[in-house]
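Hi there,

Here is the structure I promised to pass on to you. Have a look at it first, and then read my notes below.

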Amino acid sequence: MWKFIAKRVGQMIVLFYIFLALLFVLLDLQPGDISQQFVGNPDIPPEAKQLMIDQLGLDEPKHIQLFNHLKNYSTFNMGASWSQYPRDVSDILFSALPRTIYLFLTATILAYILGFWTGKIVAWKRNTATEKAVMGTSIFLWTVFYPWFAILMLWFFAAYLDWFPVGKFVTLNFESRPDLVNSISDVLFRTSGSEAASGWTSSAAPGANDVFMLLFTSLIVGTIAFFGIRWIVKRQVKDPTTQARLFTGGTVLVFGGFVLYWITNEYGPWAFDIFWHSVIPVMTLTLVSYAGTTLLTRTSMIETLKEDYILTARAKGVPDVTIRDRHSARNAMLPVTTSLVLALATVIGGGIITEQIFSWPGIGQTYLAALSSEDIPLTMGALALIGILALIAHLVADILYAYLDPRIRVQG
Amino acid sequence: MADLLTKPEGDAPEGEAIIATPLWRIRLRLFRRSFARNWKIFAQNKMGLAGLAIIVLFGLMAIAHPIFMATIWDGHEEGGKNVYDPRAGADAVIVEKTVVPDGEITDPTTQIGQTEAALQGTGLVIPEVGTVMTAPLANPAPPVISGVPHPHWLGTDPFGGDILSQLLFGARAAFALGFTAAISSVLIATAVGTVAAYYGGVIDTLLMRLVDLMILIPALPLLIVISGFWDLDLIKLGIVIGVTSGLGGTAIILKSQALSVKVRPFIDAARVAGGSDFRIVLQHITPNVLPLSFLYMMFGVTAAIFIEASLSFLGLLAIDQSWGIMINIAHTQGYTLQGLQVWWLMIPAGASVTLFSAGFFMVARAMDEVVNPRLRAR
Amino acid sequence: MTQVVEIESRGGRAGTTLLEVDHVVMNYTTKEGDVSAVEDVTFDLKNGESLGLVGESGCGKTSMALSLLRLLPDNGEIRQGRILLDGEDLVELSEEAMRQRRWRDVSMVFQGAMNSWNPVYTVGDQIREALRLHWPTTLTYTEETERIAALFEMVGLNSAMIERYPHEFSGGMRQRAVIAMALSCNPKLIIADEPTTALDVIVQDQILKELKEVQAELGMSIIYISHDIAVIAEVTDRIGVMYAGKLVELGDTLEVFHRPRHPYAYLLLGSTPSITGPRRKLSPLEGEPPNLLDPPKGCRFHPRCPFASDRCKSEEPPMTDIGGGHEVACFHWEEVPEIRELSK
């Protein structure tokens, strides 16, 4: 298994450099060199452009430029943004990154779990009204024009039903409690000063990002704790009844701990506000990739159900539900996990559109804004970061697959 | 049969007479037979038939547009353009109302420029609740069937353009783009797949690493930056989409199919008979990969339409008119939150993109069952 | 503790009847019509006895076996007849009652032993699952492991393999493990469907010997199903020959093997080369088995039968006892020559 992971990580690093080189080619293919780009745009400070020329070594031969480009990106030295001069590109991107990861992770995990569950049940009950309804909905969601769907969701939940806020990231005013803001950022995150200066959202005062980071960290810790407990229990405890009891206990413990933490925490309202803003974007993104997982799981389940070991299990007198969950679905999970990779393109593309439509200040929105303000360094940096995210997601899917399939896990 | 009759005398052996039938005719007959057989399987799938019906419907829409333009949609005003022109048409009755508070009359032809302007500011497009970020430039008119000089059956957009005309024109654009993208994607994927499978070795490794890379890079962000840096029209965009998606997963699937063809005896026979590599790939391997290629072409149309509409929606394409642009206009002009009150702005265009993709997707899934018997229901 | 490890047979006194299959009719419903896969099959099986079912592929052997466990696919249905296990009709049982009987009373060794293991669980865990479902008392994890180890040793596997995954086993080992799993709950009857088909000849022989020894030791009943009469003739007490969904001949193994009375059995044996038996000329069985959507009228074998008369085309021959428990469904059984005559 470790050998497998090491090999994949190696391949990913190589691919990442090829991707960076491709970015350079894209940059280079543009008509004229960078010094001649957008000369008519008065918003671009000449010194910003000069900085990029210096960094790339524009007067040197192409291969040296490429080398400089690769070297700069390897050290996260992506230059200064043109539209937000003199902020560093990496600084802008890294402050937007957690928000994108939050959107992306939540939607992917939810879609995977829910879609897998639905697909499994639908495949088991073939030729029923439920199957037809679910299939119809899934095909609709899978082929629906995503931006249009997102707009309709926004209209329906935020304007028509008026359940959720429209767009943006946070509405509560942090300035009303400056003491809180200072203490939290002093204690937890020292970067809040630069955050404030950048003005990454118009309505949020300093500290919103810190509260978000706290929320994000606690969510990650909670998720890791939840799966960690399950993993340890599964390995250490062999008795099924005790196992089930410990699973339930662990879940209650983690969930209870999370809720208790935020109830007693004085930043709770702000965290809840941020969470409340994220509901429609997450829901929209989830629904679309959920449909993909459902369709895939169904096909995969139908194929698995024809396998010989399903007949063995039936002959063994295994109850139907156990056959479905333990025997069929567990194997159907393998191709679905591989296909997570294919669904990834949808989620990333969808993520950019989601951020744009719901004004969610993440990488995708930064990317589009940078592109329209002709900010070349920021555009390139954002694209590189999206590439890294995609690579990491692929790696995770590969490792997950290896973990799920003993044929890879055991023999490496 | 005609060849048989024109044969001189009866001394030619029977076998030779049969060979005299032109090869293309035998091929045609075989093709007809296999088409009839596959159609029977396909026709059993209701979803596939529904998809086909949808595609035919959009095909009719695309054909209808120029016919309508030439006949019933004659909206020429004095010295002006036809109000039904899907690109620049603006109904004066509607444009009358497009006076913004400071008295400036907006020119409907600058739509795309305004889109970019809206994007450029803060990057935020959504107005706050209760306030309107960009005051609507004009009031889109609801559907009017009669009683006005120029009836608009599906209403107009905020600039006075006729929605139905734009919608029908969009179908043409969608077909043009979808087929360009799908055909170029399949050409590339088939070429890469068969060549990699036939030659193997270094060529195979290089091509497959390239494919890996294209799978890893999410297509939409890449195309966003490409269309941001270059002005792409529909056909160029179609080719770019085709190349990027053709180098992806489809190439791998076609390669594995080509590999299974490569080991069949007739390839060896062709090689022994002295066929050049190019000839073998083109004449013997490719035809056996084609059904699968065609299947992925159908999936390709769905993907291409989605990407084009997304890019248009984001205001990144320099194309005249498409469904994506229709949604973009409604959205950037601040009608998002009015929802069903201005349904003719959002629903027809969005539903068209969705249905069009769904049609090809459903046909592709049904064809999948023809090509891949394992998926067929008992 | 020891009682867990001890592998025993729960079968009744040897010689008493365990299983009675009584005029069973089983059909598959397809778009083209009903496929009569098992047609009016009757036989019985005594405790400790082993019975072989042979025939070409598609003749209904496997359908018969699946009917015994009621494991038919959704479109398969037992239309008529009774399957009595210890006097209880399995056809009448509720789905849940039937589920509890599976593996506890009747277990199965499948055709594709290669694929009958779920690839994502260890072999030990898959046997453990059967124990958890069907063992009369609740066992601790250690007790389960001990029992699985004992089973492994019984079929000649190293007990260290318990924690291994199926892909780490060779074909023969997998098949042995399948037998261990079949034995896990001390069943009364084991159905072995082509237990050795995919294995090489040496392993084939070893596995069959293993099964025979286990049976001698534990005394349960076994139904062997194979297309190869020579392979199972060594391990069975009685043999039934099936053709096109019907049982056409049933009798003692030696009797059927050396003096087949049904023309089909005669030709089937004639087309099987024998290493141990007398040298003989091989006479191939011509033609194809009939389409079961529309089986021939009268005797289902008549289109391929060299002895067929007009009567065979219209009238179905009943199973008739020709003495010594040897039953044949043929009007012309007396005309079928001794198989020895072929050796000339």
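Cys305(C) counts as buried, with a relative accessibility of 16% (buried means under 20% relative accessible area, exposed over 50%, and partly exposed in between, using a 1.4 Å probe and protein chains only). Cys305(C) takes part in no disulfide, and the nearest cysteine sulfur, in Cys330(C), lies 5.9 Å away. For a disulfide, two cysteine sulfur atoms have to be within 2.5 Å. Cys59(C) is buried as well, at 3% relative accessibility. Its sulfur is 14 Å from the closest cysteine sulfur, that of Cys299(C), which is too far for a bond. Over all chains, the structure holds zero disulfides.

Before you go on, please keep in mind that this is a predicted model, in which local features need pLDDT of at least 70 and side-chain atom pairs count only at pLDDT 80 or more, while totals for chains, interfaces and linings use all residues. Residues are numbered from 1 along each chain as its sequence is written, chains are lettered from A and ligands numbered from 1 in the order in which they are written, and side-chain values use heavy atoms, leaving out hydrogens and water.

Now to the salt bridges. How many salt bridges does a search of the whole structure find? There are 34 over all chains, where a salt bridge is a side-chain nitrogen of Lys or Arg within 4 Å of a carboxyl oxygen of Asp or Glu. Here are three of them:

- In chain C, Arg304(C) and Glu56(C) meet at 3.2 Å, N to O. This pair links distant parts of the chain, 248 residues apart: Arg304(C) is in the loop between α10 (263-270) and α11 (310-314), and Glu56(C) is in the loop between β3 (50-54) and α2 (61-69). Arg304(C) is buried, at 12% relative accessibility.
- Glu144(C) and Arg128(C) form a salt bridge at 3.3 Å, N to O. Glu144(C) sits in helix α5 (residues 141-154) of chain C and Arg128(C) in helix α4 (residues 123-134), 16 residues apart. Both Glu144(C) and Arg128(C) are buried, and they belong to a salt-bridge network with Asp125(C) and Arg132(C).
- In chain A, Asp91(A) pairs with Arg87(A) at 3.1 Å, N to O. Asp91(A) is partly exposed, with a relative accessible area of 29%, whereas Arg87(A) is buried at 14%.

Chain A has 16 helices and zero strands; helices (H or I, at least four residues) and strands (E, at least two) are DSSP runs, numbered from the N terminus. Of its 412 residues, 54% are buried. One helix to look at is α11(A), residues 268-304, which spans only 46 Å between its end C-alpha atoms, although a straight helix of 37 residues would span 54 Å at 1.5 Å a residue (the expected span is 1.5 Å times one less than the number of residues). Where does α11(A) bend? The bend is at Val279(A), by about 35°, and Pro281(A) follows within four residues; the angle is taken between axes fitted to the seven residues ending there and the seven starting there. Since 28 of its 37 residues are buried, α11(A) is largely enclosed by the rest of the structure.

Finally, find Ser165(B) in helix α7 (residues 163-199) of chain B. Ser165(B) is buried, at 0% relative accessibility. Leaving aside residues up to four places away in sequence, Ser165(B) touches His65(B), Met69(B), Trp73(B), Tyr84(B), Asp85(B) and Pro86(B), where contact means heavy atoms within 4.5 Å.

Best wishes
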